[in-house]
Amino acid sequence: MLQELLFSLPQVLIDGLALGAIYAVVALGYTMVYGILQLINFAHGEIFMTGAFIGTGFFIMLMGMSWAAAIPQLLLFIIVILITASFTGLIGVGMERVAYRPLRGAPRLIPLITAIGISFILQDVIRFIAELTTGRYILTGPSLFSDQITISFSSISSWFNNASFKTSFLIVLITAILLMVALDYFVNRTKWGTAIRAVSLDRETASLMSINVNKVISTTFFVGSALGGATGVLFAMQYGTIDPYIGFILGLKAFIAAVLGGIGNIRGAMLGGILLGVMEMFAAANLSVLTGGIFGAEYKDVFAFAILIIVLIFRPEGLLGKPTAEKV
Amino acid sequence: MPILEVTNVTKEFGGLTANKDITLSVQEGSITAVIGPNGAGKTTFFNLVTGVYQPTSGEILVEGKSVVGLKPDEVAKRGISRTFQNIRLFGEMTVIENVLVGMHKHLKTGLLGILLNLPSTRHEEIEAEKEAYRLLEYFDLAELLNEKAKNLSYGAQRKLEIARALATKPKLILLDEPAAGMNPKETKELTDIIKKMGEEFGVSILLIEHDMKLVMEISEHIYVLDHGEKIAEGNPDDIRTNPKVIEAYLGSGAVQLGQRSETNANTTVE
Amino acid sequence: MMKEKLIGFLQNKWSQVILFTLFVVITSLSLYLSQKSVVAFLLLLASLLILYYMKLKNLTKWIIGGGILFILLPMASSGGPAFQSYMEVATMVGIYVAMALGLNIVVGLAGLLDLGFVAFFAVGAYSYAIFATPQASNFMPFGSYPLGGESFWIFLIIGGICAAIAGVLIGIPVLRVKGDYLAIVTLGFGEIIRIVFNNLDRPVNFTNGAMGISSVTPPSIFGIQLVFPHHFYFVTLVILAFTIFAVLRFEHSKLGRSWKAVRENEIAAQAMGIPLVKTKLLAFALGATFSGMMGVVFAAKQAFIDPTSFTLLESFTILVMVVLGGMGSVPGVILGAALVTILNLQVLTELTNWVNQLTLNGIINVPDALSPAKMQKLIFGLLLVIFALYRPIGLIPAKNKKFDEKKLKTNRLAIDRENTVAIDKDNV
């Protein structure tokens, strides 16, 4: 059994890393908003999905233009990801404005309900637009960076099988890492980042220090949603096919990643995302082997939720979080 | 016989020591006060006694039996009830329903009784309602019985919290700044109620309060906390003149002032 | 002047009764006589809402309402060829109302956002479907399956209990989790249960996996097999009546108060001696019970179930019903559930047919993507957002029980009176 596990390990790690990087960046959006508003932004997964559609839409559009063919693919990719991120960032800001800000004093149940509502609206609106323009709501983007690369792990040791990936994997990984490093810098080293941290620690005191709390919250939503949208583009590029319902489950998994790392903790979200991605791929590849064929890859979502429940019960503050006690 | 005995209780939050080595007792039928400057650890202490927090070390006995490790609802069943510094009423529920929730643990009826509306259930419910109403009358809240708790005035909310706590028929009631935010007239009224309450409901009282007039008037015994430690205890007269207490409240300069003239110190503490 | 008179007239009890009777008679007759009149059918159902606002005693309202539902509605709709489809819609309304009332205990009273509520419905449905088909012989060491149609009645209880047990099992790990996480965890559990049912065809075939379970034995009573929608209509109605009765009892008992207390302030509730986990578990279990019972009815009515009937969307649909109607309000939730079900089953399909007709005739051109039947999510989303923002209390807001001051005073007055009498005697 161990042999089988090891044999597939290189490929599991590579697939897990790609998925984990995506979880990690989406998880950042959950964690930032939770850190600042103590609100689970349910609709964040839909922002990710919206990003995937906007990005794919742009790719399809640009590919259709003759002059765009002259531009190097990498440059094209950077342009698309920047445009998409600004779009989804603005959607995020608008969402906060309409659905969350008026409810800041309301019972906690209520903003959760608007968040679910916003998710539904985004899903259907995207479906309408996709179906109206292309006739179907499942889209396949142009294949970019699809050269196969094989790393010959088997030459290292016969225990391992070879692993292969597309160039896009490298791009996903590098972009995700860049995004995370940039965010970390933004939050920890810039004036705006300091304001965000101040507001999440104590909103009232921060406002007394002449920090414009509403602006800071808007910024947080912009940054979080821009990251979510950019990740959508990465997802579409890596996995090819998208539909309006990818955001829901992926969003949930990213949320699990955020909790695993410690919600409200930005580095925790990154760690949690990568861990969850790798664990999930490992489960998908090996559950069947491990359980003697009783449970197969179809239980990988169950596995992710099991992780969530275990974390919430035994270490609710997450891997990198600090325990908090409610003030009585 | 003491109803509450706390010995060497310490509570640490991470590196912060909120309560250090506190020893305190409340005699049955007495009114005892815990005072101290803001941040002295008074509310933390209440939370330790009521099971909201668990002490890092030390022992808490209620009627000679340990309550350390019990959950708040289990502590409540041992006969301890409380009010909160930042009022915690059930805002969307009516005034009388708030009091009825206090009676919850004394209502015996089970699921089947509720579903079938058995005569015993109905009887118990009616008796509870009448008792709740009497409590409201005692606190002058009877006319407001069908009002939502959140719509009450601040003073009325404070009184309702006490009424709700008494509805649990406690042996010891912990009042966390009962007079905070009240005007002098309301405070006077409240002082009288607290004074009478102990005897009429057979309950011992432990209170945190910043209104020194109220504390000095009604307490039989006073404990002073500062920086999480007990710095003094005694009857009101002892506390009034204790230099350590004056220092805690006003800084070291005031002590010299206090030593010069005792009357001065009196007024400054107030 | 005219307006005042009209208002005065409308507030008079007897004029209300006359108008109401007229309304009911006209709608019933038009429902009976017309070949297919969805409007008359809906108006007759709406008469129950009017009844709710009338100045009558509660008991009278219950009797009239029961009369309309048990006798008038089935009779009036039996006139045309659409009888069974009316009964089908009414049955679905009943099923959803009971489920929404169950969720209302959890969300509305106890304040716990459960996003996987359909799981309990699924547990109920599968519990009957497995044993009322040969499916059970795959793993049961004794007995012969399918069980007969009489077992349906026992399974109503078993299904409820299974769902309650599922509620407790889910609740134990979940309810330790703080507020907001609960929504996510229950959502996860809702999905887990669906995935499990979808894959439990191996190693032992419990649920027949994605293929679903078909040919579920129809229930029978006194040797009559219940197969038609109008049969199930009556079964549903009886269970619904029980559900409404039970939730009203719960709401106004110490149990309901403890749920509301936990919802309003957990820390204060605990300080009053209310055990948090036990109270929340009870809300989960009792809420699940009604859902499980209706699951049994659903399985029997459809005679076929598969995991696609129990998706996340179903859980959210039930949540929409509760939010729309008014969290914590029994009449509100009934209205919300009825409106959403009718919107789903009747209004959207009618609209779609109508739009298709127009498109066929070339009057307008609505692309398939925008057909109303596909707009369910958008409509639900808008409803959730609009209601949460502008009317979080819902269509019929929850009301606290009003206590009669006079009744509570009697005791003291009696004592006072005795005292006065005694004094009088002394004087004499």
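Visitor: How many residues of domain 1 of chain C are in contact with domain 2 of chain C, and what makes two residues count as a contact?

Guide: 11 residues of domain 1 of chain C are in contact with 12 residues of domain 2 of chain C. Two residues are in contact if their C-beta atoms, placed from the backbone, lie within 7 Å. Please keep in mind that this is a predicted model, where local features need pLDDT (the predictor's confidence in each residue, from 0 to 100) of at least 70, side-chain atom pairs count only at pLDDT 80 or more, and totals for chains, interfaces and linings use all residues. Residues are numbered from 1 along each chain as its sequence is written, while chains are lettered from A and ligands numbered from 1 in the order in which they are written.

Visitor: Where do the two domains of chain C lie in the sequence, and how do you know?

Guide: Domain 1 of chain C covers 1-81 and domain 2 covers 85-403. Those bounds come from an automatic or database domain assignment. Taken over C-alpha atoms, the domain centres are 28 Å apart.

Visitor: Which elements supply the side of domain 1 of chain C that touches domain 2?

Guide: Helix H3 (38-53) and helix H4 (58-77) of chain C each give two or more residues to that side. Helices (H or I, at least four residues) and strands (E, at least two) are DSSP runs, numbered from the N terminus. H3(C) has the largest share, 6 residues.

Visitor: How is that side of domain 1 divided by class?

Guide: That side has 10 nonpolar, 1 polar and no charged residues. Ala, Val, Leu, Ile, Met, Phe, Trp, Tyr, Cys and Pro count as nonpolar, Asp, Glu, Lys and Arg as charged, and the others, Gly among them, as polar.

Visitor: What makes H13(C) agree with its expected span?

Guide: The expected span of a helix is 1.5 Å times one less than its number of residues. For the 14 residues of H13(C) this gives 20 Å, and the end C-alpha atoms are 20 Å apart, so the two agree.

Visitor: Why is H13(C) called largely enclosed?

Guide: A residue is buried if 20 or more other C-beta atoms lie within 10 Å of its own, exposed if 12 or fewer, and partly exposed in between, with C-beta atoms placed from the backbone. In H13(C), 12 of the 14 residues are buried, so the rest of the structure largely encloses this helix. Among them are Phe316(C), Leu319(C) and Gly325(C). Just after H13(C), Gly326(C) takes a positive phi of about 130 degrees.
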